[in-house]
Amino acid sequence: MDFQLTEEQQMLQDTVARLVRDSYGFEQREQFYRSEAGFSRAFWQQLGELGLTGVPFAEAHGGFGGSGVDSLLIMTELGRGLCLEPYLQSQIHAGGLLQQLGGAEQRKRLLPVVIAGELQLAVALEEPQSHYHLHHVQTRAVRVEGGWELCGRKAVVIGGHSAGLLLVSARTHGEARDEQGISLFLVDARASGLSRRVYPTIDGPKACELYLDRVLVGDGDLLGEPGQALPALRYQQGRAIAAQCAEAIGSMEEACRLTLDYLKTRQQFGTPIGKFQALQHRMVDMRTELELATPMAILAACVADEADSEERSRRLAAAKFIIVHAGRFIAEQAIQLHGGIGMTWEYSLAHHAKRLVMLGHQLGDDDHHLEAYAQLLKTA
Amino acid sequence: MKILVAVKRVVDYNVKVRVKADGSGVDLANVKMAMNPFCEIAVEEAVRLKEKGIASEIVAVSVGPAAAQEQLRTALALGADRAILIESDEELGSLAVAKLLKAVVDKEQSQLVILGKQAIDSDNNQTGQMLGALTGYAQGTFASKVEIAGDQINVTREIDGGLQTVALKLPAIVTTDLRLNEPRYASLPNIMKAKKKPLETLTPDALGVSTASTVKTLKVEAPATRSAGIIVKSVAELVEKLKNEAKVI
């Protein structure tokens, strides 16, 4: 298997790595975190100017037509820099849904501004009771004249506070857990009846709870056929999971680098603590987990854009499971090897640890994906 | 005006380099390579001159192994129009590189050559000056500002304790200092365009240049590790140590 990047991929990686290195120092990140948006709008704009926000979109729509590996390169570097921008949620997840389900008019109207980074999207799929199951939808959409009326609540919408347009799943028919009857709607962030409770998540990015009280949307705001959105929701979540795995790899690499550096620097009993064999073993265990996780992220990136199949779903579930485990292990060990400083707000490792733990709880935790994997094996 | 820009493939500036155990050089196995930062500044300056309508064509040239194509592609992605690689697997000294660049200057008849003032691997700071001597062109080194006025070029140079501005008659050679500009990022559309731009490969033999070196590297050593600091009890003790031990005041 050829793991060599092409010259263009190498340059893409260099550009993102340099951009993150130059604009996302730890102190700068702290300022972005404390700003109203919770991330850097200037950095987001720069991603747009450099064409990076267009990577996951097809050339036919004005994007770059990038592969899963191209997204992996970007997400790894964003993960390394602990970037707070909703690239995954807006460009990969929501952008993918818009591209897959959107009609010609919707795509023509929205994709150019999304690709240019001028319109940020967010996905509102989960609900307090849904626990990672995309078909557990209680939010209802009722047919009214000229459109639909939405009522319900969506939970932990990352980037939802700053998005101009929200992609909201709602049930147009059926019972709360039916696989049929789920539709996807474009909801304007300023729509009447829509309210948001905004809060920072534990690892940095802001999220919100979305309350829909008789929110009216037009016929042109329905994405795809009514009641038929679930396969696309699952497919695009797979792409988002692959991107999330790549983000975790960047964060894990940085956590390992910081820890190794610390072991070589911190002195105890007149010698760097990295000289102690017990700590060397733990450092080796961290690297081993990282080496196991990296090929899984590459595998996920390679299958992310393949046609939907059980094999694809199985591989993505496996990748997420392995990466959640590796991420948690590396986060915990890194803190242990650092001691108290590993938990301080002023040191980036603590934030990597939080990010790694949180990634394990978004878009399905390890239990969820292990169960999904087991189910898929049964049918294989 | 045609501008020639020289770029060098070096170890990425973020990499902590390690000296080989036998002291024969620096370990380059599995090390990330990149364009020399001063060369990036040189490319950026050329691109800015083209954007101002002063330059008509930018040719990036590199001397090194086949892999140096990566750095030439980067130069193309940053805005160069075409590239020339003079392929050589030997470790070439500044004079050999200057001779090869002279051959390209003669071939291309460029009016302006921009180079980085030095490469961060060997830190020689020689190639630009040697090229100036070989071609007989005027040279403005350590440039922090470059202005073209008709058939002359005003170069503000960073010198000890101040700035010096020199006027050079074209054709000329400029070597860039750190503050000349801030290089741009290669944007995705430009990365894709770079793929289609021409990249010519030449050899020293084809240019009729002998690269035989008169200098041999005997030994490469890592710098001595810093010894631990000490804490002094009073200002008086500090002054005493600075005077008598460090002998700096």
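The following is a working chat about a predicted model with chains A and B.

Biologist: Before we start, how are things numbered, and what counts in this predicted model?
Modeller: Residues are numbered from 1 along each chain as its sequence is written, while chains are lettered from A and ligands numbered from 1 in the order in which they are written. Because the model is predicted, local features need pLDDT of at least 70 and side-chain atom pairs count only at pLDDT 80 or more, whereas totals for chains, interfaces and linings use all residues.

Biologist: What pLDDT does chain A average?
Modeller: Chain A averages 95, and 99% of its residues score at least 70, pLDDT being the predictor's confidence in each residue, from 0 to 100. Among the elements of chain A (helices are DSSP runs of H or I with at least four residues, strands runs of E with at least two, numbered from the N terminus), strand β9 (residues 267–268) has the lowest mean, 92, and strand β1 (residues 121–124) the highest, 98.

Biologist: How do α7(A) and α10(A) pack?
Modeller: Helix α7 (residues 230–265) and helix α10 (residues 348–359) of chain A pack at an angle of about 150°, with their axes 10 Å apart; axes are lines fitted to C-alpha atoms, for helices over the stretch in contact, and angles run from 0 to 180 degrees between N-to-C directions. That makes α7(A) roughly antiparallel to α10(A), the term for angles over 145 degrees.

Biologist: And which residues of α7(A) and α10(A) make the contact?
Modeller: Among them are Gln244(A), Ala248(A) and Leu258(A) of α7(A), and Leu349(A), His352(A) and Leu356(A) of α10(A), where contact means that the C-beta atoms, placed from the backbone, lie within 7 Å. The residues of this contact divide into eight nonpolar, four polar and three charged, with Ala, Val, Leu, Ile, Met, Phe, Trp, Tyr, Cys and Pro counted as nonpolar, Asp, Glu, Lys and Arg as charged, and the others, Gly among them, as polar.

Biologist: What about α8(A) and α9(A), at what angle do they cross?
Modeller: The axes of helix α8 (residues 277–304) and helix α9 (residues 310–338) of chain A come within 8 Å and cross at roughly 155°. That makes α8(A) roughly antiparallel to α9(A), and the residues of their contact divide into 21 nonpolar, one polar and five charged.

Biologist: Switching topic, how many residues from each chain are in the contact between chains A and B?
Modeller: The contact takes 15 residues from chain A and 12 residues from chain B. On the side of chain A, the largest share, eight residues, comes from helix α1 (residues 7–23), and that side divides into seven nonpolar, four polar and four charged residues.

Biologist: What is the secondary structure of chain B?
Modeller: Chain B comes to seven helices and 11 strands, and 37% of its 249 residues count as buried, meaning that 20 or more other C-beta atoms lie within 10 Å of a residue's own, against 12 or fewer for exposed and partly exposed in between.

Biologist: Which backbone oddities should I look at?
Modeller: Most residues other than glycine have a negative phi, and most peptide bonds are trans. In chain B, a cis peptide bond with omega of about 0° joins Leu170(B) and Pro171(B), and Pro171(B) sits in the loop between β9 (162–169) and β10 (172–176). In chain A, Tyr132(A) has a positive phi of about 75°, and Phe269(A) has one of about 55°.

Biologist: Are Tyr132(A) and Phe269(A) exposed or partly exposed?
Modeller: Tyr132(A), in the loop between β1 and β2 (140–144) of chain A, counts as partly exposed because it has 18 C-beta neighbours inside 10 Å. Phe269(A), in the loop between β9 and β10 (271–272) of chain A, is exposed, with 7 other C-beta atoms within 10 Å.

How values were computed: Angles under 35 degrees count as roughly parallel, over 145 as roughly antiparallel, 65 to 115 as roughly perpendicular and the rest as oblique. Two residues are in contact if their C-beta atoms, placed from the backbone, lie within 7 Å.
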